[in-house]
Amino acid sequence: MKGKAIRRRSGTFKITLISNVLLSFIILLVGMFSTFSGEEFKETDGREADIYRNGKITSQGVSLMFNVYWGTEEVYSILEILEEFNAKATFFIGGCWADDNAKCVRDIYILGHEIGNHGYFHKDHSKLNLLENKREITSCNQFIELLIGVSPHLFAPPSGAYNDETLSACRELSMKTVLWSRDTIDWRDKDKKLIYKRATQNITGGEFVLMHPMKETVEALADILTYYKENNLSAITVSENLQYKG
């Protein structure tokens, strides 16, 4: 009955050469350092710097991220449980799903949850050029804005697939690209015990937990939120966790 009520509530280095032995030693060290640094920059330069996988480590908040392209009934059950625990979440909405579930999108927003962008047609963004990336993201933004009056500022690429053009598109659109720190893989395993374990084991503040509107996720959600509460953690939106100032 409560579910029905919710539906209504709508370097550079300079080296002085001393001897051939010392020179050989320095060259060896420089070679080792360069190899290591190359790997580090490969991970952080240009790409990782533009991706958000968690909030501040000092945060006492955990962000549940629901990627939505199906499961309208499950979404309403999730909303019901979140309300019971006074918890907030971020729902990354697929545009084509929103097109068929406009009221549900509005209900998510009215209940105080955050709505992010999950692309319009669930495409592999790692295979799209800049224009195609922007088109997928913008189409979803525009439709969501029509529904709730606010355009999303967070983008979660479907399947976590992205390329440099995806990141460039988000920068041009003043959006943040969001991934996750832990994945419940609920869509694949459909096991509420595994979902609970992956969402709670060694969890720390600032983490982003990826979920989907699955029946087993609904079954595990109350226990997950209870665990957070008992461990002095709160379920908050991604933007709150990032302390986003828009």
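**Exercise 1. Find Cys96 and decide how open to the outside it is.**

Solution. Start with the label: at 27% relative accessibility, Cys96 counts as partly exposed. That fits the cut-offs, because buried means under 20% and exposed means over 50%, with partly exposed in between. Keep in mind that you're working with a predicted model. Next, place the residue: Cys96 sits in helix α4, residues 95-100. Finally, look across the fold to Phe143, which is 47 residues from Cys96 in sequence but 9.3 Å away in space, C-alpha to C-alpha.

**Exercise 2. Do the same for Asp107 and Leu131, and say whether each is buried or exposed.**

Solution. Take Asp107 first. You'll find Asp107 in helix α5, residues 102-110. Its relative accessible area is 0%, so Asp107 is buried. From there, hop to Leu79: the two are 28 residues apart in sequence, and their C-alpha atoms are 8.9 Å apart.

Now Leu131. This one belongs to helix α6, residues 130-148. With a relative accessible area of 55%, Leu131 is exposed. Its C-alpha lies 8.5 Å from that of Glu165, though 34 residues separate the two along the chain.

**Exercise 3. Work out which strands pair with β8 and where its side chains go.**

Solution. Step one is the general idea: in a regular strand, side chains alternate between the two faces of the sheet. Step two is to apply it to strand β8, residues 208-211: Phe208 and Leu210 are on one side, Val209 and Met211 on the other, and all of them are buried. Both faces of β8 are covered, then.

Step three is the neighbours. Strand β2 (residues 61-68) runs parallel to β8, and four bridges join them. Here Leu64 has Val209 as its bridge partner. Strand β7 (residues 182-183) also pairs with β8 in the parallel sense, over two bridges. On that side, Arg182 stands opposite Val209.

**Exercise 4. Follow β2 to strand β3 and describe what you find there.**

Solution. Begin with the pairing: β2 and β3 run parallel, joined by four bridges. Val68 is matched with Ile93 in β3. Then check the side chains of β3, residues 90-93. Thr90 and Phe92 point one way, Phe91 and Ile93 point the other way, and all are buried.

**Exercise 5. How many aromatic pairs are there, and how are the rings arranged?**

Solution. A pair of aromatic rings is described by the distance of the centres and the angle of the planes. The count comes to three aromatic pairs. One of them is Tyr120 with Phe121: the centres are 4.8 Å apart and the planes meet at 70°, so this pair is edge-to-face. The cut-off you need is that planes over 60 degrees apart count as edge-to-face. Tyr120 itself is buried, at 12% relative accessible area.

Now try Tyr196 and Tyr227. Their ring centres are 6.3 Å apart and their planes stand at 85°, so they're edge-to-face as well. This pair links distant parts of the chain, 31 residues apart, with Tyr196 in helix α9 (residues 192-200) and Tyr227 in helix α10 (residues 215-230). Tyr196 is partly exposed at 29% relative accessibility, and Tyr227 is partly exposed at 24%.

**Exercise 6. Describe the largest pocket and the largest cavity.**

Solution. Rolling a probe the size of a water molecule over the atoms shows where empty space is left. The largest pocket has a volume of about 230 Å³. Among the residues lining the pocket are Tyr69, His118, His122, Trp180, Asp183, Trp187 and His212. Sort the whole pocket lining by class and you get five nonpolar, six polar and one charged residues.

The largest cavity holds about 40 Å³ of space. Its lining includes Met65, Ala156, Pro157, Val178 and Leu179. By class, that lining has seven nonpolar, three polar and no charged residues. Compare the lists and you'll spot Leu210 in the lining of both the pocket and the cavity.

**Exercise 7. Zoom out and sum up the protein chain as a whole.**

Solution. First, the elements: the protein chain has 11 helices and nine strands. Next, burial: 46% of its 246 residues count as buried. Last, the surface: the accessible area of the protein chain is about 13200 Å², and 53% of that belongs to carbon and sulfur atoms.

Technical notes:
Residues numbered from 1 in each chain as written. Predicted model: local features only at pLDDT ≥ 70, side-chain atom pairs only at ≥ 80, totals over all residues. Heavy atoms only, no water. Buried < 20%, exposed > 50% of the residue type's maximum accessible area, 1.4 Å probe, protein only. Pairing = 2+ DSSP bridges. 1 Å grid on protein atoms, 1.4 Å probe; cavity = no way out; pocket = protein on both sides within 12 Å on 5 of 7 lines; lining within 4 Å. Points joined across faces, edges and corners; volume = space filled by probe spheres on them. Nonpolar A, V, L, I, M, F, W, Y, C, P; charged D, E, K, R; others polar. Phe/Tyr/Trp six-rings, centres within 6.5 Å; stacked < 30°, edge-to-face > 60°. Areas by Shrake-Rupley, 256 points an atom, 1.4 Å probe, with all protein chains shown as cover.
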